[in-house]
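Got the viewer open? Let's take a short walk through this one, stop by stop.

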Amino acid sequence: MNTLRLLYIFFRVSVLNETAYRVNFFVQLFQSLLELGTALAGLAVIFSYTQSLGGWHPDEMLALVGVYFLVGGIISLVIQPGMSALIDSVRDGTLDFTLTKPEDAQLLVSIQRMAIWSLLDLLMGTGVLITALVLLGQTVGVGEAAQFIGMLLAGAVIVYSFWLILASLSFWFVRVENLLQIFQSMYQAGRWPISLYPGWLRFALTFVVPVAFATSVPAEALTGRLGGPTLLGAFGLAILLFAIARLIWRLGLRHYSGASA
Amino acid sequence: MIVLQEIRNLLRLYAQQFKTTFASMVQYRASLFIWMISQVLEPLVYLIVWSTVSNSSGGSVGGYTAQGFAAYYLALMLVNQFTYTWIMWEYEYRVRQGQLSFALLKPVHPIHSDIADNLSSKLITLPILAVVAAGLALIFHPTAAFNWWAGLAFIPAIILAFLVRFLLEWTLALSAFWTTRVNAINQVYFILMLFLAGQIAPLSLFPHWLQIVADILPFRWMLGFPVELVLSRLSPAQALLGLAAQSTWVFISLILIRLIWRAGVRVYSAVGA
């Protein structure tokens, strides 16, 4: 409950901050629409030459694009801004202020900053997803929907933990912004089904930089492609990564010496 | 004699810029590596997508087999690297931070140090990318025809492609003089590039009307044309027309640069001016 209350407060503050720059809303709307248009036009070009891409039909690919924008929206709404701010505050020593507050510091740094216009990506992704669901119609049952929501949550936890682990490295190393960019540039590969890629790339996108769990796995769940092992594996990995992230965060905090200590 | 002197000075400037660029690239090895990931990943993803399409529709799509797509995208990866610039992000920073003031004080046009910086960094990145491309070639088995004349014509084609892209992107970067929304402008530019330069698919796979649009606009001439040429997918007449189109665009962008640079510098005022 307390977590939700904090989330709401931080969200409200971000909204108040950003409404001072309303033109940003239209610029972001323009850019998000362009990006979505590009993704859809790209699919149109490809599906003008084939009925299915590696077994994925146009409606199913549309669902994947929806998930891609939805998860991308979550990342740029809260994960990316929070983690960049964490890195900066460790370097400048301003993390002190967060640590003195009577709440869990990991929670505070994770939601401290929100790029609220990224909600547009989130909404657009949801819209595309709903369109895809309508087109898919009968094939998506209650089981698939439940699996999908479960995998979306697991994917979000995995991505969040991965970012937190990388950002926590800033307690030991000065320049880690670059590492965060690796995820951003690998994320584009998540717009396509992971099964298209050759084994080595699939491995890298699953276990080195877990893009697959963010986009491909939820979309597979929705289209009834997911086997039991992947389902359990994703949940297991989510729990494991979250625990590791928590551990590294704790170790990092012990290593942190503040601004002038 | 004065001309000779000027050329000697410029060469000295280029040599000095090379040393500076080299030193800073060695310093920022990590960002170099990360930047390479995205340079490789994008064409690689399209290579895989189109190979899949080709394999599932009887082995060939629009004249490209899976191996044909491999050749196309590996060549595209290298040509893109050769003609690539990052000036549009750099300029926004320069204008916003007032750093341009220092460049304006120098007795040579600022474009020279940008060209030198661009070329020097490629002396380092191109060999690395060539090794990566060779590695990928072992995995994806690219095949393409080779003509001696096309190979010869490729040399001026890629130099002109670099010039068109560099000059136009340098001009576009000057938009930072008038607006702080450079990101939105860049995004529009890159989307046009994605479709009309042949990145999302070889241009011959597009509907006819879109190919005509691509022929008129400059994007194809920065990227798609040299790639198609070196893979011997063009007739001699098409190659000559392409070289002519490239030269025309170099000419147009030289005029544009001159006009926009003058107007932009007049608008520019650093803090404290």
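Start by selecting chain A: its secondary structure comes to 12 helices and 0 strands (helices being DSSP runs of H or I with at least four residues, strands E runs of at least two, numbered from the N terminus). Before going on, note that this is a predicted model, where local features need pLDDT of at least 70, side-chain atom pairs count only at pLDDT 80 or more, and totals for chains, interfaces and linings use all residues. Residues are numbered from 1 along each chain as its sequence is written, while chains are lettered from A and ligands numbered from 1 in the order in which they are written.

Zoom out on chain A. The C-alpha atoms fill a box of roughly 65 × 45 × 35 Å along the principal axes. Buried residues (20 or more other C-beta atoms within 10 Å, with C-beta atoms placed from the backbone) make up 38% of the 261 residues in chain A.

Next, bring up the side of chain B that touches chain A. Here 25 residues of chain B are in contact with 23 residues of chain A, contact being C-beta atoms, placed from the backbone, within 7 Å. Colour α2 (29–56) and α8 (182–196) of chain B, the elements that each give two or more residues to that side. Of these, α2(B) gives the most, with 13 residues.

Last stop: Val132(B), in helix α6 (residues 111–140) of chain B. Is Val132(B) buried or exposed? Val132(B) is partly exposed, with 18 other C-beta atoms within 10 Å; that label sits between buried and exposed, the latter being 12 or fewer. Now pick Val40(B): 92 residues away along the chain, its C-alpha atom is 8.2 Å from that of Val132(B).

Terms used: Contact = placed C-beta atoms within 7 Å.
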